[in-house]
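Biologist: I would like to learn how to read this structure. Please take the features one at a time.

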Amino acid sequence: METRLWENAEAGRTWVVRRSSFTVFEVFADYSVMVDLEQRTCSCRLWQIDGFPCTHAVAAILAKKDSIYDYVECYYRTDFFRKAYESPIFPIPDIGKGLGSNSFAAGVVLPPITKRPAGRPPTKRIKAFGEFKRPLKCSRCSVTGHNRKTCKDVI
């Protein structure tokens, strides 16, 4: 994450940053982007999605001359990571051996009981939505509704 932070800083160094208010900035990249440092939002929405400052936000933070680390969410920091794995993680017992005398009480999920329907399986194709049968057209008289074999017109 440290590498990603400095890659964002390098990508945004050439962009023009203008201050709209004390915490709101406008970053001119390929397009104009609004960054609010107080609410930790960017109009590209990447900062709101993962809580990590996007390239536009890093450019605005550097323009304000603040520390980039103050705007990174706490769960990206190493002390938060260490606290997550501070308590021991106990292994899960093998399901094949079972957790007790009754396997149903242990939470073992069995597959559903399926029965094949009787008779020959259907072979007729199911038509897609909007698909329709083409009407018959006679090649002799060019009238729809019948074909050449059942045509009643005089030859």
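**Salt bridges, sheet and core**

Modeller: The side chains of Arg13 and Glu10 form a salt bridge, with N and O 3.1 Å apart. A salt bridge here is a side-chain nitrogen of Lys or Arg within 4 Å of a carboxyl oxygen of Asp or Glu. The model is predicted, so local features need pLDDT of at least 70 and side-chain atom pairs count only at pLDDT 80 or more, while totals for chains, interfaces and linings use all residues. Residues are numbered from 1 along each chain as its sequence is written, and side-chain values use heavy atoms, with hydrogens and water left out.

Biologist: How many salt bridges does this rule give?

Modeller: Side chains of opposite charge can pair when their charged atoms come close. The count here is 4 salt bridges. Among them, Arg125 meets Glu131 at 2.6 Å, N to O, and Asp66 pairs with Lys64, their closest N and O atoms being 3.5 Å apart.

Biologist: Is Lys64 buried or exposed?

Modeller: Buried means under 20% relative accessible area, exposed over 50%, and partly exposed in between (1.4 Å probe, protein chains only). Lys64 has 17% relative accessibility, so Lys64 counts as buried. Its partner Asp66, at 30%, is partly exposed. In the pair named at the start, Glu10 is exposed at 52% and Arg13 is partly exposed at 49%.

Biologist: What is the order of the strands in the sheet?

Modeller: Strands of a sheet pair through backbone hydrogen bonds, either parallel or antiparallel. Helices (H or I, at least four residues) and strands (E, at least two) are DSSP runs, numbered from the N terminus; two strands pair if DSSP finds at least two bridges between them. This open sheet has 4 strands in the order β1-β2-β3-β4, with antiparallel pairing. β1 (16-19) and β4 (41-42) are at the edges with a single partner strand each, so one side of each has no neighbour in the sheet. Between β2 (residues 24-28) and β3 (residues 32-36) there are 5 bridges.

Biologist: Which residues touch the most other members of the largest nonpolar core?

Modeller: A nonpolar core is a set of buried Ala, Val, Leu, Ile, Met, Phe, Trp, Tyr and Cys residues joined through side-chain atoms within 4.5 Å. The largest one has 19 residues, and Leu5, Val35, Leu37, Cys42, Trp47 and Ala60 touch the most other members. α3 gives the most to this core, with 5 residues. Contact means heavy atoms within 4.5 Å. Neighbours within four places in sequence aside, Ala60 is in contact with Val17, Phe25, Val27, Val35 and Leu37.
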